[in-house]
Amino acid sequence: MRLVRPLSALTLGAVAVAAALVPAGHTSSTFATSRVPTLTGQSSNRLLSATTGLSTSLAQPAYAGTLVGPGFAAMYPVDVAVDAQYYFVLDAGEYRVAAVNRTTGNIDCQVGGQQGSGPGQFGDARALFYDPVTAQLYVADTPHNRVEIFSFSDSACATSPSSAFTFVSQFGSKGTGDEQFSQVYGVAVDSVNGWVYAVDGAGRVERSDLAGNYISQFNAGKTLNQPRQVTVSPNGDVFVINARNHECDVFNRAGALLFTFGSQGTGDGQFTNDPRGVSISADGTLAFVTDSGGKRVEAFTLLSSGGDDTGATFAYTIASGTGAGQFVGPRGLTATSDNHLLVTDEWGFGLHELSFTSSGATRARNLFGTGPPLPGVNAPRGVQVAANGQVYIVDYWNQRIEYMNPDGTNAQSFGFRGNPSQKGAINFAWSAAIQPGTGDIFVANRESNQVEVFSPTGASILIFGTNGSANGQLHLPQGIAFAPDGTLYVDDSGNDRVETFAMSSGDTSATWLATYGKKGIGSMAPAGDLNNPTGIAVAPDGTVWVADTRNDRIQSRSPAGVWTVISTPVGTGTQLPFKAPWGVTVAPDGTIWVSDTGNHRIVSVDTAGNLVFRATALSMGIPATASDSVIYPFALAFAGDTVFLTDIWNDRVVILTTS
């Protein structure tokens with residue numbers, strides 16, 4: 001599992017080197033640097049010659065080395081809260097809350113560091129709030145549909161860091177009922193009334209007491225369109241970021257909408273893309289909103305009458321700075337009682353501290369800000385081997401494609417976090433495919449709802465796809481593969497289907513051809529029904545193999561259009577059914593290799609589903625990380641009798657041999 005990084009590595013500006021299955025973790029002690037020792041001797045010779053030919057029969061794989069290990073940015077902050085001595089920074093990419101000393105700028109203590117759903121663990125959490133009355137911290141653990149509550153001790157953080165945060169309780173679950181959420185994106189506390197506001201991504205705000213006992217809700221199914229963060233004004237009014245409507249909505253304590261401010265655009269008081277964070281000055285006169293797409297913060301003067309806010313007028317823009325002060329991915333923010341503004345910069349990997357007045361803001365300092373090292377990966381997903389032997393890795397959290405020689409040397413990368421349709425932008429991509437002949441790299445750019453095509457060295461060639469469910473549209477694409485005839489197959493995961501495209505010469509355009517599959521839930525759903533398909537591969541005979549992830553099975557579609565389901569390998573004795581398989585690959589010998597992620601193993605079956613082998617970290621001899629002896633396989637790629645495996649939550653790419 002991901003370990004909390006040693007505090008010795010968490011100094012100001014230090015480089016950290018070193019959607020929710022089971023606990024997983026970072027470890028900086030497993031790897032002295034961001035890659036493990038290079039292969040030597042027989043293993044090295046085997047690896048370097050792997051692309052010279054294909055094995056006719058593949059044996060159960062054995063560990064031969066590790067291509068690349070963990071590589072983290074200083075932090076990936078998405079929200080911030082404060083008390084008198086500390087800034088509490090929600091570091092989504094390392095699944096932790098870090099307490100940053102306001103004087104020194106160093107991290108004195110932290111909680112989390114392990115991806116998971118247990119007490120004190122987080123998924124891709126998106127918001128937090130500190131209640132000074134109770135000295136409790138509330139964290140919106142977004143993918144796990146809950147709010148976690150921690151007590152915090154300033155004195156313990158400085159003298160006994162491991163005891164500074166204490167898990168108190170949690171509330172929430174997935175659903176549409178009271179105290180349930182479809183991903184909780186925001187949380188805020190009304191300290192005067194003892195209320196907690198939690199934002200349900202489905203479009204409502206729920207109110208609870210400080211212990212999480214449900215009280216009421218407002219705006220269910222009405223005007224909120226993918227709401228995000230929330231805050232409470234000193235007068236008790238509730239400010240909610242209405243992201244997809246490109247505005248901030250203001251409600252009174254009874255849940256009545258008072259007014260909205262902001263609109264889509266690039267002018268004063270507008271938001272270029274989705275606004276993300278909101279905070280109110282201690283005197284209640286200013287509202288600050290992050291315009292993430294515009295890489296700026298917009299400030300508004302609040303008007304009030306009769307105890308409620310009545311409107312907001314544009315005050316000024318805090319534009320992106322230069323160098324260390326540049327805004328790259330501004331997210332959550334908070335205003336302190338002494339008129340400082342803290343802005344988290346997820347893709348600038350740091351925290352910006354500014355001082356402000358009613359007429360403007362000036363930069364005070366920039367904390368952290370160091371990007372991920374190269375080589376090094378953070379939650380790697382897709383992996384592919386090019387004809388020249390180079391290995392391409394989808395480095396998920398670092399928003400890039402990393403590629404290197406098959407012995408780990410000459411590591412390079414391309415891509416960056418950016419706006420959809422921005423050339424070169426990679427936004428939480430899941431998989432990549434290499435086009436035969438050209439060697440072009442096709443990336444399933446999940447959060448952009450697009451496919452982006454790059455040259456082998458990273459020049460952007462084409463972006464195609466728009467968000468939607470019509471033919472040729474995409475919603476959260478996750479898997480991608482080429483058929484022998486050059487047809488491109490895309491797992492349109494959010495629409496629970498597979499789409500095919502024909503590429504023009506030079507890959508300058510894509511033409512939709514066909515759509516296969518439809519939504520179906522459960523391992524007994526009819527063949528051809530899919531539920532969040534992830535991995536995809538095409539055999540030499542044109543048979544398409546799909547990892548039907550949330551249905552806990554794999555499926556094949558023959559060239560004649562016949563779907564076949566395999567939920568459990570067929571073999572002697574008791575066989576475990578597949579559990580959340582994320583990857584499926586056609587091996588050189590024609591067998592089907594499954595990344596059976598939920599069962600921490602690789603499974604090989606023949607095309608009829610008969611078991612060839614099942615392999616765990618122990619049986620393959622894969623070394624454990626500092627606190628985890630299992631693997632979390634995502635994808636597999638073959639180079640002769642060498643296999644590259646992305647071990648997602650152990651932040652490494654493992655090399656296996658089948659000879």
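This is a short talk on the nonpolar cores, the disulfide and the salt bridges of one structure.

Okay, hi everyone. Before anything else, keep in mind that we're looking at a predicted model.

Let's start on the inside. Nonpolar side chains in soluble globular proteins tend to be buried together. So what does that look like here? The largest nonpolar core takes in 53 residues. If you want to find it on the screen, go to F88, V97 and F165, which have the most contacts inside that core. Strand β54, running over residues 633-639, is the element that gives the most to it, with four residues. There's also a second core, separate from that one, with 24 residues. Among its members are A140, V196, Y197 and V238.

Next, the cysteines. How many disulfides does a search of the whole structure find? Just one. That disulfide runs between C109 and C157, with the sulfurs 2.1 Å apart. The two ends come from distant parts of the chain, 48 residues apart: C109 sits in strand β8 (residues 107-112), and C157 sits in helix α2 (residues 154-159). Which hand does the disulfide have? The torsion about the S-S bond is about -105°, so we call it left-handed. And are the two cysteines buried or exposed? With a relative accessibility of 1%, C109 counts as buried, and C157, also at 1%, counts as buried too. While we're on cysteines, C248 comes out at 0% relative accessibility, so that residue is buried as well.

Now for the charged side chains. There are 24 salt bridges in the structure, and I'll pick out a few.

Take R96 and D91: their side chains meet in a salt bridge, N to O at 2.7 Å, and both residues are buried. R652 and D647 form another, where the closest N and O atoms are 2.8 Å apart. Here, too, R652 and D647 are both buried.

The bridge between E353 and R365, at 3.1 Å from N to O, has a mixed setting. E353 is buried, with a relative accessible area of 7%. R365 has 22% relative accessibility, and the cut-off for buried is under 20%, so R365 counts as partly exposed. This pair links strand β30 (residues 350-356), home of E353, to strand β31 (residues 361-368), home of R365, and the two residues are twelve apart along the chain.

Last one: which residues are linked with D124 in a network of salt bridges? That would be R126, R331 and E346.

That's my tour, thanks!

Methods
Residues numbered from 1 in each chain as written. Predicted model: local features only at pLDDT ≥ 70, side-chain atom pairs only at ≥ 80, totals over all residues. Heavy atoms only, no water. Core = buried A, V, L, I, M, F, W, Y, C linked by side-chain atoms within 4.5 Å. Buried < 20%, exposed > 50% of the residue type's maximum accessible area, 1.4 Å probe, protein only. Disulfide = S-S within 2.5 Å. Salt bridge = Lys/Arg side-chain N within 4 Å of Asp/Glu carboxyl O.
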